[in-house]
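This briefing covers one protein model, topic by topic. The sequence and structure come first, and the notes follow.

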Amino acid sequence: MDAKAVIPASFNTQLQSPFFTTPSELRDAIYDHLIPPRAHIILRNQRLQFSACVRRNGEDWPLHTGPDPIVKGKCRTAADHLLWERLRSPWGSHFRCEEVANGSEDSQQEFEGETMVWMNPTRVCRRMLTEFVGRMADVIVLHVNDLNTLGIVLPRDSEPEQPKNKTSTLLEHLVGHLKALDISMRLDLSAYVNIEQESDYPSKNPDLSDLVQRFGKRDVPTSAWTALPLALKYMPALRHLDIWLDHTHPMSWCIVNERAFLTPLFTMTLRTNPDLAISINLPKPNPRYQSPDRHLLWDSLEVLGTGQKSGSGRIRIIRRDRQRQSPVNWLDGTARINWRSDLSI
Ligand SMILES: [Zn+2]
C-alpha cells in the first residue's frame with residue numbers, strides 16, 4: 001500500500017540515511033520481519049496499548065468440550081483456580097493472551113520474549129513511523145476482545161472523547177487501512193438480551209422469550225457493537241473480519257438471538273464492502289430450541305446479486321461445541337466449576 005496514505009503529514013524524508021535509500025521492497029521485508037502476525041489492542045487506565053498474541057494454533061484448552069470433565073466441583077489447587085479463571089476469560093480462546101496483558105507472573109515468564117519491542121520503529125522518525133504503520137495495516141491481524149476497546153478503536157464520524165496518546169493516534173491511521181480484524185468476546189448474556197430487545201428480530205419462541213424476559217435489561221453498554229456495521233464503511237481496506245462469540249452464563253447458547261445480534265452487520269457489509277469476507281464462530285445451538293427466526297441456520301451466505309453458488313459466500317458461519325465447564329462463585333464464597341453433561345437449555 002502507499003505508506004504516505006496512512007499518516008498524511010509532511011516529514012523529513014531522511015535520505016541521508018542509507019536505510020531509506022534501499023528499495024521499498026527491501027524495507028518492507030525488514031518491517032515484515034519485525035511485525036508479528038497478530039497483536040491485541042487493549043484499554044488500560046483509559047489508554048490504548050498493544051499487547052502480544054501468544055495463542056498457539058489449535059490451542060483451545062481449557063474450552064473443553066469432551067464428554068469427561070477436566071475438573072469438577074470446588075477448586076482446591078492453584079491449577080484448579082487457574083483453570084477457573086481461564087474458563088471465564090472474556091477473551092475466549094485467547095485466555096493466555098489475556099494473562100500476558102494482565103501481567104500474570106506465569107505467563108510473563110513463559111512468554112518472556114513476547115514483548116512489544118517490535119513497536120520500536122515507530123519511535124525512530126516520522127518517515128519510519130509512516131512506513132511501518134502502513135506495512136502493519138497490510139500484514140497484521142488486530143485482535144479486539146471487549147466492547148469498551150472496540151468502541152474506541154472503531155472509526156466514526158465524530159472525534160472520540162478519550163484523550164489521545166501516541167498509540168491511539170497510530171491506531172486511528174492503522175484501523176482506517178487495516179486488512180484483517182479479529183473480534184473474540186465472551187460477553188455478559190445481558191449484552192445479547194439488550195440488543196435483541198432493541199432490534200427488529202423479537203423471539204417467536206415462547207420458551208426462549210420467557211427466559212429473555214427473565215434476564216431483562218441490565219446496564220451493559222452495547223453501543224460499540226451496534227456501531228460496528230456503520231464503522232465498516234470507514235474501513236474500506238478491510239478484507240477479513242473474524243468474529244468469535246460466547247456468553248458468560250452457564251445457560252445454553254440457544255437463548256441468544258443470533259439474527260438480532262448479527263443481521264445488521266451482514267446487511268451493511270453486503271451493501272458497503274463487496275471485498276470483505278466475514279467468518280463467525282458460534283457455539284452450536286441445541287437442536288430442540290433452534291429456530292430460523294432466532295438462529296442462523298446456514299453455513300455461508302452468497303454474495304447477493306452475483307449468482308455465486310452457496311458455499312462460496314463471503315459470510316461463513318462456523319459452529320463449535322460449547323465448553324461444558326462453567327466457573328461459578330458458590331454462596332459460601334468458594335470458586336467452583338460446574339459441569340454440564342448435555343447441552344440442554
Ligand atoms: Zn491472542
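Setting aside neighbours within four places in sequence, Ile41 is in contact with Leu48, Phe50, Leu142, Val144, Thr149, Val153 and Leu171. The model is a predicted one. Ile41 also belongs to the largest nonpolar core, where Ile41 is among the residues that touch the most other members.

**Overall make-up**

- The protein has eleven helices and eleven strands.
- Of its 345 residues, 34% count as buried.
- Among contacts with a separation of 6 or more, 78% are between residues 24 or more positions apart.

**Nonpolar core**

- The largest nonpolar core holds 66 residues, and those touching the most other members are Ile41, Val153, Leu174, Leu178 and Tyr192.
- Helix H5, residues 126-139, gives the most to this core, contributing six residues.
- Val153 appears twice in this picture: Val153 is in contact with Ile41, and Val153 is listed with Ile41 among the core residues that touch the most other members.
- As a general tendency, nonpolar side chains in soluble globular proteins are buried together.

**Helix H8**

- Helix H8 spans residues 189-197 and is mostly covered, with seven of its nine residues buried.
- The buried residues in H8 are Leu189, Ala191, Tyr192, Val193, Asn194, Ile195 and Glu196.
- Tyr192 of this group is also one of the residues with the most contacts to other members of the largest nonpolar core.

**Glu172 in helix H7**

- Glu172 lies in helix H7, which covers residues 166-176.
- Is Glu172 buried or exposed, or partly so? Glu172 counts as partly exposed because it has 17 C-beta neighbours inside 10 Å, while the cut-off for a buried residue is 20 or more.
- Glu172 and Pro155 are 17 residues apart in sequence, and their C-alpha atoms are 7.2 Å apart in space.

**Parallel strands S6, S7 and S9**

- Strand S6 (residues 240-247) pairs with strand S7 (residues 277-283) in the parallel sense over five bridges.
- Within this pair, Trp244 stands opposite Asn281 in S7.
- Helix H11, residues 258-272, joins S6 and S7 in a right-handed β-α-β unit.
- S7 also runs parallel to strand S9 (residues 315-320), to which six bridges join it.
- Pro283 has Arg320 in S9 as its bridge partner.

**Antiparallel sheet S3-S11-S10**

- Three strands make an open sheet in the order S3-S11-S10, and the pairing is antiparallel.
- Strand S3 (73-74) and strand S10 (325-329) are the edge strands, each pairing on one side only.
- Helix H2 (residues 78-87) packs on this sheet and touches S10 and S11, and its direction makes about 65° with that of S11.
- Strand S11 covers residues 335-339 and is joined to S3 by two bridges; one of the pairs is Gly73 with Ile337.
- On the other side, five bridges join S11 to S10, again in the antiparallel sense, and Ser326 has Asn338 in S11 as its bridge partner.
- S10 and S11 form a hairpin with five residues between them.
- Which residue in the turn of this hairpin has a positive phi? That residue is Gly333, with phi of about 90°.

Conventions:
Residues are numbered from 1 along each chain as its sequence is written. This is a predicted model: local features need pLDDT of at least 70, side-chain atom pairs count only at pLDDT 80 or more; totals for chains, interfaces and linings use all residues. Two strands pair if DSSP finds at least two bridges between them. Helices (H or I, at least four residues) and strands (E, at least two) are DSSP runs, numbered from the N terminus. A crossover is right-handed if, with the strands pointing away from the viewer, the path from the first strand over the helix to the second runs clockwise. A residue is buried if 20 or more other C-beta atoms lie within 10 Å of its own, exposed if 12 or fewer, and partly exposed in between; C-beta atoms are placed from the backbone. Two residues are in contact if their C-beta atoms, placed from the backbone, lie within 7 Å. A nonpolar core is a set of buried Ala, Val, Leu, Ile, Met, Phe, Trp, Tyr and Cys residues joined through C-beta atoms within 7 Å. Axes are lines fitted to C-alpha atoms, for helices over the stretch in contact, and angles run from 0 to 180 degrees between N-to-C directions.
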